[in-house]
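Here is a note for a colleague who has not met this structure before. It goes through the model point by point, from the whole chain down to single residues.

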Amino acid sequence: MSYSHHTPRDLPSFQRHHRASPPPPSLTLSLSVMSVPAHLEPDLQTFDSATESIASSTFEMTENVPVAVHSSGDPNAAAESAAAAAAAPGTEAEVTDRVHMTQLNGFVGFHKLCDQVHRRAIKHGFEFNVMVVGPSGIGKSTFINTLFSSLLLQSKSDRIPSAADEKTVVIERITHQLVEQGTRLLLTVIDTPGFGDHINNQDAWEPIVTYIKKQYDDYRTIEARPDRPRHISDTRVHLVIYFLQPGTAGLRPLDAKAMYEIGRVANLIPVIAKSDSLTMNERAAFKAAVKADIQANKIAVYPNSSDLQYDEEETQVNVEAAEMIPFAIIGATDTIVKDSEVTRGRITPFGIIDIENEEHCEFSQFRRFIIHSNMKDLIDVTSQMHYEHYRARKISKKKRNRAREAAAASNAMTPS
Ligand SMILES: Nc1nc2c(ncn2[C@@H]2O[C@H](COP(=O)(O)OP(=O)(O)OP(=O)(O)O)[C@@H](O)[C@H]2O)c(=O)[nH]1
Ligand SMILES: [Mg+2]
């Protein structure tokens with residue numbers, strides 16, 4: 001381990017040395033420590049003027065661990081940045097990052113960072129936005145109420161459709177604040193009454209996709225504001241649950257088109273609604289047909305995020321979930337007592353359907369996957385993948401338009 005100590009007077013020469021020396025063939029951790037003289041401590045507001053008197057100590061710890069990492073990760077970039085620095089001497093220092101695996105010699109305490117993040121996350125809570133898509137009466141409201149164990153959506157099956165409903169898909173958004181063991185969840189459910197209810201459902205997916213994209217646009221607008229708030233309220237759709245009618249041969253053309261379009265912009269998970277109406281054989285056959293149609297129509301279904309890095313355990317969870325898709329679900333909010341145990345289910349003339357029982361349906365696997373293990377991932381994939389892709393597409397479209405306009409303008413100015 002090498003160690004060097006620099007006063008402020010030494011700092012410029014150190015920087016030159018730092019810039020000139022090639023990265024060593026080892027992984028290095030450089031740690032800069034600014035130590036404040038005791039007489040300045042009470043008056044840190046005057047930090048700027050005090051920096052002259054502040055001693056700067058640079059510790060460099062070196063261990064024989066292979067490979068130096070350049071900040072760009074691209075070997076050509078090092079040469080490019082060196083050339084750029086030579087072209088404009090004195091304007092910008094070349095920065096070389098070195099990463100080192102270093103053994104601690106004593107207690108520091110930064111492992112408590114996890115506790116700090118945890119405490120802050122609990123304090124701020126989480127925002128989760130889930131959209132349900134499927135025709136009227138398929139069980140959307142019941143399922144959401146079952147999933148979150150509370151009355152979040154009223155059943156609307158009995159309502160009389162209005163004139164507007166006749167033509168359009170309506171988007172209804174309702175937010176609930178839920179608290180579980182101190183963790184706050186601001187849950188927004190986006191209902192889509194009218195989807196697939198009309199004689200011509202060809203474009204029924206459009207208002208849904210438009211809504212999803214509009215949330216990205218709204219977020220982008222706020223993000224680009226110079227006075228943007230510290231916390232941007234997130235209305236982006238983190239999950240779309242698509243309800244498939246049981247008893248069909250596979251995906252109907254409307255389902256295939258809607259799922260294709262939704263899957264391009266958001267995390268999509270299809271479920272077989274009211275799967276208690278299918279025998280086990282019918283369920284298996286329907287699942288297989290839907291899986292084949294998903295593949296044939298190139299529908300992107302969550303989890304499919306090859307962009308993000310998953311560890312072994314997360315990959316295993318995702319692989320198991322992907323196998324199950326579409327989840328065969330049953331919704332039930334009634335509490336029943338079975339073998340002196342309280343559960344939720346549906347009492348039928350043929351017996352009790354216990355939704356928590358994995359032999360009866362895949363509700364508990366769905367809940368485990370969506371809420372217990374992947375809720376944060378759904379939020380992250382939305383913001384790091386879907387939103388970023390949408391943003392990038394928008395920017396490049398804007399650039400193309402600008403280039404086209406400039407070309408048209410220059411053509412107009414050129415005398416023929
Ligand atoms: N057999 C069975 N019935 C269900 C299931 N889920 C819901 N239902 C029943 O289906 C009816 C409609 O359920 P809702 O949850 O209101 O359906 P929805 O899709 O929200 O309907 P809209 O709000 O009108 O779009 C209710 O009578 C429910 O009790 C299920 O898994 N199996
Ligand atoms: Mg409903």
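What percentage of the 416 residues in the chain is buried? Buried residues make up 23% of them, a value that, like every other in this note, was computed from a predicted model.

1. Overall make-up. The chain has twelve helices and eleven strands, and the points below take up some of these elements in turn. Of the contacts in the chain with a separation of 6 or more, 72% are between residues that lie 24 or more positions apart.

2. The six-stranded sheet. Six strands form an open sheet with mixed pairing, and their order is S4-S5-S3-S6-S7-S8. Its edge strands are S4 (172-180) and S8 (327-328), each of which pairs on one side only. As general background, the strands of a sheet pair through backbone hydrogen bonds, either parallel or antiparallel.

3. Strand S6 and its partners. Strand S3 (residues 126-133) runs parallel to S6 and is joined to it by four bridges; here Val 133 has Tyr 242 of S6 as its bridge partner. Strand S6 (residues 239-244) is also joined to strand S7 (residues 268-272), again in parallel, and this pairing has five bridges. Within the pairing of S6 with S7, Ile 241 has Ile 269 as its bridge partner, Phe 243 stands opposite Val 271, and Leu 244 stands opposite Ile 272.

4. Burial of S6 and S7. How many of the six residues of S6 are buried? Six of the six are, and the strand is described as mostly covered. Both of its faces are covered, with Leu 239, Ile 241 and Phe 243 buried on one side and Val 240, Tyr 242 and Leu 244 buried on the other. For S7, five of the five residues are buried, so this strand is largely enclosed by the rest of the structure. Its two faces are both covered as well: Leu 268, Pro 270 and Ile 272 are buried on one side, and Ile 269 and Val 271 are buried on the other.

5. Val 189 as a single-residue example. Val 189 is located in strand S5 (residues 183-191). Is Val 189 buried or exposed? It is buried, because 23 other C-beta atoms lie within 10 Å of its own, and the cut-off for a buried residue is 20 or more. Leaving aside residues up to four places away in sequence, Val 189 touches Val 130, Val 132, Ile 144, Leu 152, Leu 153 and Ile 174. Val 189 and Met 131 are 58 residues apart along the chain, yet their C-alpha atoms are separated by 5.8 Å.

6. The three-stranded sheet. Another open sheet has three strands in the order S9-S10-S11, and its pairing is antiparallel. The edge strands are S9 (335-338) and S11 (351-354), each pairing on one side only, and the twist from one strand to the next averages 65°. Strand S10 (residues 341-348) pairs with S11 in the antiparallel sense over four bridges, and in this pairing Gly 345 has Asp 354 of S11 as its bridge partner.

7. A helix pair. At what angle do helix H7 (residues 206-224) and helix H8 (residues 253-265) pack? The angle is about 5°, with the axes 10 Å apart; H7 and H8 are therefore roughly parallel to each other, since angles under 35 degrees count as such. On the H7 side the contact is made by Ile 208, Val 209, Ile 212 and Lys 213, and on the H8 side by Glu 261, Ile 262 and Val 265. Sorted by class, the contact of H7 with H8 has five nonpolar and two charged residues, and no polar ones.

8. The surroundings of ligand 1. There are 16 residues around ligand 1, and those that come nearest are Gly 139, Ser 141, Thr 142, Ser 155 and Gly 331. How do the residues of this shell divide into nonpolar, polar and charged? Three are nonpolar, nine are polar and four are charged.

Methods. Residues numbered from 1 in each chain as written. Chains lettered and ligands numbered in written order. Predicted model: local features only at pLDDT ≥ 70, side-chain atom pairs only at ≥ 80, totals over all residues. Near = placed C-beta within 6 Å. Nonpolar A, V, L, I, M, F, W, Y, C, P; charged D, E, K, R; others polar. Axes fitted to C-alpha atoms, helices over the stretch in contact; angles between N-to-C directions. Parallel < 35°, antiparallel > 145°, perpendicular 65-115°, else oblique. Contact = placed C-beta atoms within 7 Å. Buried ≥ 20, exposed ≤ 12 C-beta atoms within 10 Å, placed from the backbone. Pairing = 2+ DSSP bridges.
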